[in-house]
Amino acid sequence: MSLYAIGDLHLHYGTDRFPDLQKTDPDWVGHEEKVKRNCARLIRPEDTLVLVGDHTWGRSVTERRPDFEFIEALPGRKILTRGNHDMFWEAKHTDALRQRYKELYDGDLEFLQGSFAVWKDFALVATKGYTYEGLDTPEHAEKLVRRELARLKAGLDEAQAAGYKKIIIFLHYPPTNILERESGFTRMAEAYGVSQVVYAHCHGRARFHDSIRGMFHGVRYTLVSGDSLNWCPEKIVDG
Ligand SMILES: [Fe+2]
Ligand SMILES: [Fe+2]
């Protein structure tokens, strides 16, 4: 029973609206087949795969359906967390999303946001996170960071109240921006005794080292954006 993670699949089986990069960049062309092949090779039915946001370019239920079917067909238990491009998913309406997904498809995907999921004796806590990337004002970024820190804290408190001592955080955005050595997210991970922080979002080779990778203040940080892994899920915990 191992725990794997990969993010930023950016699937587009149901739409032609996706960035040129995905049509031309050798790191992206045919990436779906690589994901499928690597998952089939690595992941056993008893394993769990966390998909760390930016799942689909589909804008409607119909456009998204083939992308969800692709994910459903991957082996093991699948937990989806929320990325900045997942327009179908409003943080506050995660319960409604779960219910609608069940009603529409009766599938077995799990949607995790601002809360925790249980994997063995670990609590997996997920929220989107946020990092200033120069795309908005610093003031707006600070507001989003505060909101995401509150969501992360809610998930961590819930996990602790339920008695979990082993905790792994999944963020979509990196925990620090390129100018930071630490952040509210890293300090919160340390304060709650979290063993690992897993994040995605940084894709394109120039961005793979935007944030922390490896051990920092006793916490392991792992980037799992799909192209940084050559579309092979990263093993987070061996089991
Ligand atoms: Fe992405
Ligand atoms: Fe992203």
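## Tyr164, between a helix and a strand

In this predicted model, Tyr164 counts as partly exposed because 17 C-beta neighbours lie inside 10 Å, and a buried residue would need 20 or more. You will find Tyr164 in the loop that links α5 (138–161) to β7 (166–171).

Setting aside residues within four places in sequence, Tyr164 makes contact with Phe122, Ala123 and Ala159. Another residue to look at here is Val118: 46 residues separate Val118 from Tyr164 along the chain, yet their C-alpha atoms are 9.0 Å apart.

## The nonpolar core

Now for the interior. The largest nonpolar core has 49 residues, and the members that touch the most others are Val52, Leu124, Val125 and Ile169.

Val52 is a good one to click through. Not counting residues up to four places away in sequence, Val52 touches Ala5, Ile6 and Gly7, then Thr81, then Phe170 and His172. Val198, Tyr199, Ala200 and Val224 are also touched by Val52.

## Strands around β10

Strand β10 (residues 219–223) pairs with β8 (residues 196–199) in the parallel sense, over four bridges. As an example, Gln196 has Arg220 in β10 as its bridge partner.

Strand β9 (residues 214–216) also pairs with β10, this time antiparallel and through three bridges. Here Gly214 is bridged to Tyr221 of β10. Together β9 and β10 make a hairpin with two residues between the strands. Do take a look at the turn, where His217 has a positive phi of about 50°.

Note on methods: Residues are numbered from 1 along each chain as its sequence is written. Chains are lettered from A and ligands numbered from 1 in the order in which they are written. This is a predicted model: local features need pLDDT of at least 70, side-chain atom pairs count only at pLDDT 80 or more; totals for chains, interfaces and linings use all residues. A residue is buried if 20 or more other C-beta atoms lie within 10 Å of its own, exposed if 12 or fewer, and partly exposed in between; C-beta atoms are placed from the backbone. Two residues are in contact if their C-beta atoms, placed from the backbone, lie within 7 Å. A nonpolar core is a set of buried Ala, Val, Leu, Ile, Met, Phe, Trp, Tyr and Cys residues joined through C-beta atoms within 7 Å. Two strands pair if DSSP finds at least two bridges between them.
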